[in-house]
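Q: Could you take a close look at the salt bridges here, and explain the terms for someone new to the structure?

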Amino acid sequence: MKDKIRKLFKFAVVIAGAFLLFRAYEEINHTVLITNLSTGLLFLAAMIAAELSQVNLGKYRVSSEFGLLYSMIFIFHYQIALIIKVISAFLSEIYYRVKNGNDKEIVSMSLFNTSQYVLSFLSGIYSYMALKKYLYNPYQNVILTEILIQGIAIFCYYFTNMVLVNTYLLLDSRKFEKGEIIRLALVDLSSYFALVPGGILIVLFNNLFKNFIGLFLGFFIYFLIVYIYRLYFDLVSLNGELTALYDLGVSFISTLNKEDLIKKLMNAIKILVPWDVIVLFLYKEGRLIPEAFEGVISAPVPGKEGQELLWKVFYSGKGEIIKDLSKCKGCTKYFGDGKRSSALLVPLVNKDDKFGVLMVGSRRKGIYKEKHLKIISIISHQAAAAMTNVHLFLETKEMAITDSLTKLYNRRYLFSEFKKISGRENNKEEISIIIFDIDYFKQINDEYGHLIGDEILKKVAMCIKNNVRENDIVCRYGGEEFVVLLPNMGCEEAFKVAERIRKIIERTEMAKSEDGLGIYVTVSAGVSSISVEDDMERFLKKADEALLFGAKRMGRNRVVNFKNIDMPL
């Protein structure tokens, strides 16, 4: 539906632009047109040169021709200025679209952009004529009145242009970052402040010399202003890149969360290079998985067999620039909807650590240069170094709360989790605990040795872990003792869980002796249940008493509930 509205909007703009252009052409005095033909051709050449001197702002371009258009209005009739503007705009649009590989809509989009210039131009002209008619007063300050009228007319041109362009972009499902439209609108507006004075100078020199010398002098000064304007934005862009790289490096150092790190990486890329799509692939279990993406990707991400280019970059550790995706085997299918015409691929590598591949794609052919590859490579290297830090942090954190042998949580984690559960606001849930103890474990160690003993500990730990709920907390409490914390579970249900696990352990072969015989063990267990308002130490003590004075005293290989034991005097 949205695509139909977009096409209808584009068609309406083209029809309106063509109609108004035809009306303007009918009003041209052909004698005046022929008389000013040489001057008009000179302006046409200058307009095309200005169109090709656009300021590049990543995904968008800011035109440098408005000052010339302004001067033509006061040198010729506005209809002639409009015709020259239309010809230069259409030829420039064709040139850019052929250059950037946007072949599918080359004519229709060129017509649309030219038509929106017609509508913008005439909105400014008609505003100027209407204001001139109603506001001009020879008895008031003529200069100030003229400046006011021209300022309003220029704003009407600018506003109409912005509305038409951004309406189309929104209907085209373009994704804008927060404040991006406002930022681009302000940059576009700044071009009017920079270029209109240049247009005024062209008019003054033309009126002063009344020949080509005046025009050439005016053009020289105008294009000098354009050059300074572009140089200013190049410096602003360079300063932004350096600042972003510095800020990114600082923020990466302080980031120990993987999700935050990925978010910062994606945001930095959006600032530093042109993009229509960004995909971060991370290496997981022998595959490159799309972990995060920005932009529109209509085609599904292929399996490993469709990732040859990604694997090449991943294993080589070197980034690649693809200037034309249509000439890259499998690339157009892989990188999305076929509209993207170029791409950057950079590995995320830090020394021997390989984390994945970063892909940035653009609809414009040949947009990526060595400069962009270097920038993305720097960012990717910083991100990979930060990912190494994140992994080390997580490993250290894991070591602090887990048992190195069984990989279960340790008693420190058990107490901290109970504190979290009991600290929940208005939490009155019942919680149960089970303590398992391997029967005669010292004798097993003495008979078979500590290596077999360790193997048995790991196997018992796995049996317990695999037979409780995902949110239950399983810990190695010390030696041959294991504790299971069961949130939101009553004592009777916990008893059934413990009994089921006891039976599974009893019939599971835990290891083999030197002569190849299977080694089996049994466990005893104590169960206790309390409210989360109770104390953890007393909680454990009850379960331990159920284990020692219940299960152990009654002959082992059994589960005993604390409520059912007779405590010794």
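A: What follows is a walk through the salt bridges and the exposure of the residues that form them. This is a predicted model, in which local features need pLDDT of at least 70 and side-chain atom pairs count only at pLDDT 80 or more, while totals for chains, interfaces and linings use all residues. Residues are numbered from 1 along each chain as its sequence is written, and side-chain values use heavy atoms, with hydrogens and water left out.

Side chains of opposite charge can pair when their charged atoms come close. A search of the whole structure finds 14 salt bridges, each being a side-chain nitrogen of Lys or Arg within 4 Å of a carboxyl oxygen of Asp or Glu.

One of them joins Lys284 to Glu291, with 2.7 Å from N to O; Lys284 is partly exposed at 33% relative accessibility, and Glu291 is partly exposed at 31% (buried means under 20% relative accessible area, exposed over 50%, and partly exposed in between, with a 1.4 Å probe and protein chains only).

Another pairs Asp446 with Lys442 at 3.3 Å, N to O. Both residues are exposed, and they lie four residues apart, about one turn, in helix 15 (residues 441-448), where helices are DSSP runs of H or I with at least four residues, numbered from the N terminus.

In helix 17 (residues 491-506), Arg502 and Glu506 are likewise four residues apart, about one helical turn, and their closest N and O atoms are 3.7 Å apart in a salt bridge. Here Arg502 is buried, at 9% relative accessible area, whereas Glu506 is partly exposed at 35%.

Finally, a network of salt bridges links Glu51, Glu65 and Lys85.

Conventions:
Helix = DSSP H or I, 4+ residues; strand = E, 2+ residues; numbered from the N terminus.
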